[in-house]
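Okay everyone, thanks for coming. I'll talk you through a structure today, one piece at a time, so please have it open in front of you.

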Amino acid sequence: MSANIWRELAREIHSLQPGKTVLPLHEPLFEGNEKTYVFDCIEAGWVSSVGKYVDRFENMLAEYTGVRRAIAVMNGTAALHIALKLVGVQPGDEVLIPSLTFVATGNAVTYCGAKPHFIDVSKATLGVDPYKLDDYLKETAIIKNNVCINKKTGNIIRAVVPMHTFGHPVDLDPLLEVCDRFRIIMVEDAAESLGSLYKGVHTGNFGKTAALSFNGNKIITTGGGGAILTNDEGLANYAKHLTTTAKVPHSWQYVHDEIGYNYRMPNINAALGCAQLESIEGYLCKKRSLNDKYHQILSKYDGITLFKENSNSKSNFWLQTIILEPSQYSVETALKTLIENKIIARPIWKPLHLLKPFVDFERSDLSITEQLQDQVINLPSSPYLGECNDGKKT
Ligand SMILES: *Cc1c(COP(=O)(O)O)cnc(C)c1O
């Protein structure tokens, strides 16, 4: 019975792009200056760590997001690692992160020698629930010498990493208020939210630092890539230094003044990024229209709710998301039937606190995270499935 519904839905989704046999979850578009800029790198011989496109991409990102500085790196995980290090996350510290996130958020915390401490999400944003966090910290934490201490473990709770799930911003104002009261530093995992605004301000402006990703499946891609964002000039300069092997600038000497990282973004990847970022308005417009199309398709199905944008924010609609009524539908049947019918849908991540490397870390109540396991599905979200009527080529 229920499988029939998913077969019918698969047919309707295929009608968005007739003639394409398989609809993947998310494919990039290369319709702008990608070939020109990449070819330019090859012609000039500057494909690797030095070249004009890295600076250009960093400047474009800063301008687009409104964050003072952007430092391009080799992937989003590396960006998160350095974003955490920059705010002083140290071995033995705890870092509050949603359990409902991509594994990179947890991995980056452990790269600093720190311990992930898992917190729950809200159904309204699919990201960190600031009110639930407040209640939890009131029970769990005390402030000593202006730092937040976990009463149970004695460790410093140094930072919190809100992640803007599928492009939908976390409710940042109340979260900032909690951070302020408990002396906790905010680092945004904005890997999925390039193009998403909270109260008119681009995500990545709210944390002391933030991380973006330009992996192949993200809203824009550099092949693989990421960026650290910060409004603090000093931290930005330090981020550049750390991610480029901590080399002291000199025309011929190799002097490195601390253990650095070779996390820089190659010029050829930045070239791709410049072209992609030039096209972002088109992608956003198409993805928004795809959300409208899904709304039309799904409104007749009882118990399947399309995830919409919150009134205080603007989403990039990176991955289109449906929430199933668990008494009516099973995620497993839905995925199996959709995928059999060449609609590449996927479930939400297995929560980090249930993954082997993370089972022993601290956690709050995670009941919403666990409930969402049986409710959330992402549907094909490639920009070409939408239509943009502003006359501009994407
Ligand atoms: C994509 C992503 C990252 C970083 O991924 P990379 O593949 O290393 O670029 C980090 N956090 C989240 C939530 C992501 O979706």
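**A walk through the model**

Just after helix α4, Gly88 takes a positive phi of about 95 degrees. Before we go on, keep in mind that this is a predicted model.

Let's stay with α4, which covers residues 76–86. Is this helix enclosed or open? Nine of its eleven residues are buried, so the rest of the structure largely encloses it. Among the buried ones are Gly76, His81, Ile82 and Leu86. Now look at the N-terminal end, where Asn75 acts as the cap. A side-chain oxygen of Asn75 lies 3.1 Å from the backbone nitrogen of Thr77.

Gly76 takes us to our next stop, since Ser213 touches it. Ser213 also touches Ala191, Lys218, Ile220, Gly225 and Gly226, leaving out residues up to four places away in sequence. You'll find Ser213 in strand β10, residues 209–213. Its relative accessible area is 9%, and the cut-off for buried is under 20%, so Ser213 counts as buried. What does its side chain reach? One target is the backbone nitrogen of Asn215, at 3.2 Å. Another is the side chain of Lys218, in a polar contact of 3.4 Å.

On to some strands. Strands of a sheet pair through backbone hydrogen bonds, either parallel or antiparallel. Find β6, residues 157–160: three bridges join it to β2, residues 94–98, and the two run parallel. On the other pairing, two bridges join β6 to β7, residues 185–189, again parallel. A nice residue to click on is Ala159 in β6, with Val95 standing opposite. In β7, Ala159 has Ile185 as its bridge partner. And how do you get from β6 to β7? Together with helix α7, residues 172–182, they make a right-handed β-α-β unit.

Now for an antiparallel case. Four strands form an open sheet, in the order β12-β14-β16-β15. β12 and β15 stand at the edges with a single partner strand each, so one side of each has no neighbour in the sheet. β12 is joined to β14, residues 320–324, by three bridges. There, Leu306 has Ile322 as its bridge partner in β14.

Next, Thr369, in helix α12, residues 367–373. Is it buried or exposed? With a relative accessible area of 0%, Thr369 is buried. Its side chain makes a polar contact of 2.5 Å with the side chain of Asp120. Leaving aside neighbours within four places in sequence, Thr369 is also in contact with residues including Ser99, Leu100 and Pro351.

Last topic: cysteines. How many disulfides does a search of the whole structure find? One. Cys285 and Cys388 form it, with their sulfur atoms 2.0 Å apart. The link is right-handed, with 95 degrees about the S-S bond. Cys285 sits in helix α10 and Cys388 in the segment after β16, so the pair ties together parts 103 residues apart in sequence. Cys285 is partly exposed, at 26% relative accessibility, whereas Cys388 is buried, at 15%.

What about Cys148? It is in no disulfide, and the nearest cysteine sulfur, that of Cys179, is 9.7 Å away. Cys148 is buried, at 0%. Cys274 is in no disulfide either; there the nearest cysteine sulfur belongs to Cys41, 8.7 Å away. Cys274 counts as buried too, at 0% relative accessibility.

That's my tour, thanks for listening!

Key
Residues are numbered from 1 along each chain as its sequence is written. This is a predicted model: local features need pLDDT of at least 70, side-chain atom pairs count only at pLDDT 80 or more; totals for chains, interfaces and linings use all residues. Side-chain values use heavy atoms; hydrogens and water are left out. Buried means under 20% relative accessible area, exposed over 50%, partly exposed in between (1.4 Å probe, protein chains only). A polar contact is a pair of N or O atoms within 3.5 Å; within protein, one must be able to donate a hydrogen and the other to accept it, and residues adjacent in sequence count only if both atoms are side-chain atoms. Contact means heavy atoms within 4.5 Å. Two strands pair if DSSP finds at least two bridges between them. A crossover is right-handed if, with the strands pointing away from the viewer, the path from the first strand over the helix to the second runs clockwise. A disulfide is a pair of cysteine sulfur atoms within 2.5 Å.
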